[in-house]
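Thanks for making the time this morning. I would like to walk you through one model, and I will put the sequence and the structure up before I say anything about them.

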Amino acid sequence: MMPRPVDVEAAVVAFLASALAATVGTSRPAVTSWPLEGVLVRVQVVDGGPARAVVLDDAVLSVEVWAADSVAAANVASQACGLLDDWQGSGGVLVYAASASRPRSVPDPVTQSPRYLFTVSVTARRI
């Protein structure tokens, strides 16, 4: 049996939740939650590829950061980007490498609240 993909999404959520002053999860804030109190970070796997060398799992994740003001959103997005760009080791999964893109301002399309987005490519070991 070929090794299966790991839950990179849960590993990134746990890693960021332990390092950021923000609520980190996989859900978008409910429309009734606006205006936001604090900072919210959403992590989602948005792409990936077939197994490489049988045991390597490549995933692309989207990271969104919302806050009541753009300065707070930009600061937390920058912190998260730096943390993930340097992430290796174990976060519930064995991560070999991670590479994050530069955060960009993309206001929330529903609420027009400040939101920063970036992607991160992760290579982890399949189990």
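Let me begin at the start of helix 2, where a side-chain oxygen of D69 reaches to within 3.1 Å of the backbone nitrogen of V71. I should say at once that this is a predicted model, so please hear everything that follows as a description of that prediction.

Staying with helix 2, which covers residues 70-85, we can check its length: at 1.5 Å a residue its 16 residues should span 22 Å, and the end C-alpha atoms are indeed 22 Å apart, so the expected and computed spans agree. Which residues of helix 2 are buried? They are A73, V76, A77, A80, C81 and L84, and because these residues fall within an arc of 140 degrees when one looks down the helix axis, they line one face of the helix. The general background is that an α-helix has 3.6 residues a turn, so residues three or four places apart point the same way. As for what covers those buried residues of helix 2, the list includes helix 1 at 8-19, strand 2 at 39-48, strand 3 at 56-67, strand 5 at 94-100 and strand 7 at 115-125.

Helix 1 can be treated in a similar way. It has twelve residues and reaches 17 Å from its first C-alpha to its last, which is close to the 16 Å expected at 1.5 Å a residue. Within helix 1 the buried residues are V8, A11, V12, V13 and L16, and they pack against strand 1, at 23-25, as well as strand 2, strand 3, helix 2 and strand 7.

In the segment before helix 1 we find V6, which has a relative accessible area of 12% and, because buried here means under 20%, counts as buried. Setting aside its neighbours within four places in sequence, V6 is in contact with D57, V93, A124, R125, R126 and I127. V41, by contrast, lies 35 residues from V6 along the chain, and the C-alpha atoms of the two are separated by 21 Å.

Now to the strands, and to strand 3 in particular. Ten of its twelve residues are buried, so strand 3 is largely enclosed by the rest of the structure. Strand 3 is joined to strand 2 by nine bridges, with the two running antiparallel, and in that pairing D47 has V60 of strand 3 as its bridge partner. Strand 3 is also joined to strand 7, again antiparallel, through eleven bridges, and there L61 stands opposite V120 of strand 7.

From strand 7 we can carry on to strand 5, since these two pair in the antiparallel sense over five bridges, with V95 opposite A124 of strand 7. Strand 5 in turn is joined by two bridges to strand 4, residues 89-90, and this pair runs antiparallel as well; here S90 stands opposite L94 of strand 5.

Two residues towards the end of the chain deserve a comment. Is R115, which sits in strand 7, buried or exposed? At 10% relative accessibility R115 counts as buried, and, leaving aside neighbours within four places in sequence, its contacts are E64, V65, W66, R104, S105, V106, P107, D108 and P109. Q112, on the other hand, is placed in the loop between strand 6, at 104-105, and strand 7, and with a relative accessible area of 55% Q112 is exposed. The phi angle of Q112 is near 65 degrees, a positive value in a residue other than glycine.

Let me finish with the protein as a whole. There are two helices and seven strands, and read along the sequence they follow the pattern α-β-β-β-α-β-β-β-β. The radius of gyration is 15 Å, close to the 14 Å that the globule rule gives for 127 residues, so the protein is as compact as a globular protein of that length. Along its principal axes the C-alpha trace spans about 50 × 25 × 20 Å. Of the 127 residues, 39% count as buried, and among contacts with a separation of 6 or more, 60% are between residues 24 or more positions apart.

Technical notes. Residues numbered from 1 in each chain as written. Predicted model: local features only at pLDDT ≥ 70, side-chain atom pairs only at ≥ 80, totals over all residues. Heavy atoms only, no water. Helix = DSSP H or I, 4+ residues; strand = E, 2+ residues; numbered from the N terminus. Expected span 1.5 Å × (residues − 1). Buried < 20%, exposed > 50% of the residue type's maximum accessible area, 1.4 Å probe, protein only. Arc of directions from axis to C-beta. Contact = heavy atoms within 4.5 Å. Polar contact = N/O pair within 3.5 Å; in protein donor to acceptor, adjacent residues only side chain to side chain. Pairing = 2+ DSSP bridges. Rg over C-alpha atoms; globule rule 2.2 N^0.38 Å.
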